[in-house]
Amino acid sequence: MYTLHHTPAESVVHEEKAQLDFSQSMSYGDYLQLDTLLAAQKPRSPDHNEMLFIIQHQTSELWMKLMLHELHAAIANVAADELGDAFKKLARVSKIMEQLVHAWDVLATMTPPEYSAIRPYLAHSSGFQSAQYRCIEFALGNKNAAMLKPHAHRPDLLAQVQAAFVAPSLYDEALRLLARRGLAVPASHTERDWTQAYTANDAVEQAWLVAYRNPKAHWELYQLGEELTDLEDTFRLWRFRHVTTVERVIGFKRGTGGTGGVSYLRKMLDVVLFPEIWTLRTAL
C-alpha cells in the first residue's frame, strides 16, 4: 500500500489543522474582494512601467480612503469633547501619511524616459483631480472654491467634496474646543463661514499659549496641539516628497492636469494649515 509522506512544511500545515477547503465558506480573497481589486489595473499603454504608475496611485487612494475615515471620526470626536478617541485617530492619520511619504520612493524608480512612454496615454487625468485628496485638504482647512470645479461632471463626487468644503475643518473644531474650555478664542474664529480659507489671528495664538505655558493644567489641549503639529509635519513631508519625485521624473514639464507641475506643487509647500500652532513656538 502506498504511504503518503508529507514534507516538513506540509506536516506543519496538517498539525496546525489549517482550513484548506473553502468550497463552503468565505476565504481571504472573498473577504477582501481580491478578484475585483486585482482586476482594477487596466494599463492603456504597451509599456511595462505603467503598472507601477497605476498601482502607486490606486494604493494611495486606498490609504486616503482610510485617512478620511479616521479624519472624519476624529473631527466628530473633537466636536464632542472626546479627546482620547480623537488622539488615537489623529495619530493613525499621521502614520498613514508616513506610508504615503514612503510610497513616493517606489514611484521615484521610474525614470524620465519610462514616464514619457506612458504620459500620452494619461490624457488630462492627474492626481490634481483626486476627490479624496481634495476632501483631505478641506478637512484640514485648506479651503479653495476653485477646487470644486474638477468634480462638476460627477454629481456624486461633487457632493462629497462640497460636503467637506462647507463643513468645519479639524482646526476649526479644535478652536471651538479651546473656547469651550474657557480660552479666549475670538468669535470670528469659532463661528465663521467655514468655506473661507483660515486666517491666522494673534488672539488665537495667545489662547494656544495658555495651554502650552501650563500643560499640566491644560493637558488635553496641549496634547491636541502636539497631535496637530505631528499631523502637519507629516503632511508637509508628503507634499515635499511629491514635489521632488515629480521633478525627478518629469522635470519642469507642465502636469497632465494643466498645472505648472513642479512650480504649482512648490507653491503648495507654503500653505500652512494650523499657523498658530507653529508661530507660538517663537513666543514660548
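Let's start at Glu137, a residue of helix H7, which spans residues 131-139. Keep in mind as we go that this is a predicted model. Is Glu137 buried or exposed? Its relative accessible area is 4%, and the cut-off for buried is under 20%, so Glu137 counts as buried. What does this charged side chain meet there? Leaving aside residues up to four places away in sequence, Glu137 touches Asn142, Phe235 and Arg239. With Arg239 there is also a polar contact, side chain to side chain, at 2.5 Å. If you would like a landmark from elsewhere in the chain, take Ala164: it is 27 residues from Glu137 in sequence, and their C-alpha atoms are 8.9 Å apart in space.

Phe235 leads us onward, since this contact of Glu137 is also touched by Leu140. Besides Phe235, and again not counting residues up to four places away in sequence, Leu140 touches Leu71, Met97, Ser169, Leu170, Leu231, Leu273 and Phe274. Leu140 belongs to the largest nonpolar core, a set of 68 residues. Leu140, Leu170, Tyr171, Trp208 and Trp238 are the residues with the most contacts inside this core. Helix H5 (residues 83-107) supplies the largest share of the core, 11 residues.

Now move along to helix H13, residues 275-283, where Pro275, Glu276, Ile277 and Leu280 are buried. An α-helix has 3.6 residues a turn, so residues three or four places apart point the same way. The buried residues of H13 pack against three helices: H9 (170-180), H10 (202-213) and H11 (219-250).

Next, the empty space. Rolling a probe the size of a water molecule over the atoms shows where such space is left. The structure has one cavity of 30 Å³ or more, and the largest cavity holds about 40 Å³. Which residues line the largest cavity? They are Gly141, Lys143, Ser169, Tyr171, Asp172, Arg192, Trp194, Gln196, Tyr198 and Leu273. By class, this lining divides into four nonpolar, three polar and three charged residues. Ser169 and Leu273 may look familiar, as Leu140 touches both of them.

Our last stop is the second largest pocket, with a volume of about 210 Å³. Helix H3 (34-38) and helix H4 (50-79) are the elements that give two or more residues to its lining, and H4 gives the most, with five. In full, the lining consists of Leu37, Leu38, Ala40, Gln41, Ile55, Gln58, Thr59, Glu61 and Leu62. Five of these residues are nonpolar, three are polar and one is charged.

Technical notes. Residues numbered from 1 in each chain as written. Predicted model: local features only at pLDDT ≥ 70, side-chain atom pairs only at ≥ 80, totals over all residues. Heavy atoms only, no water. Core = buried A, V, L, I, M, F, W, Y, C linked by side-chain atoms within 4.5 Å. Buried < 20%, exposed > 50% of the residue type's maximum accessible area, 1.4 Å probe, protein only. Helix = DSSP H or I, 4+ residues; strand = E, 2+ residues; numbered from the N terminus. Contact = heavy atoms within 4.5 Å. Polar contact = N/O pair within 3.5 Å; in protein donor to acceptor, adjacent residues only side chain to side chain. 1 Å grid on protein atoms, 1.4 Å probe; cavity = no way out; pocket = protein on both sides within 12 Å on 5 of 7 lines; lining within 4 Å. Points joined across faces, edges and corners; volume = space filled by probe spheres on them. Nonpolar A, V, L, I, M, F, W, Y, C, P; charged D, E, K, R; others polar.
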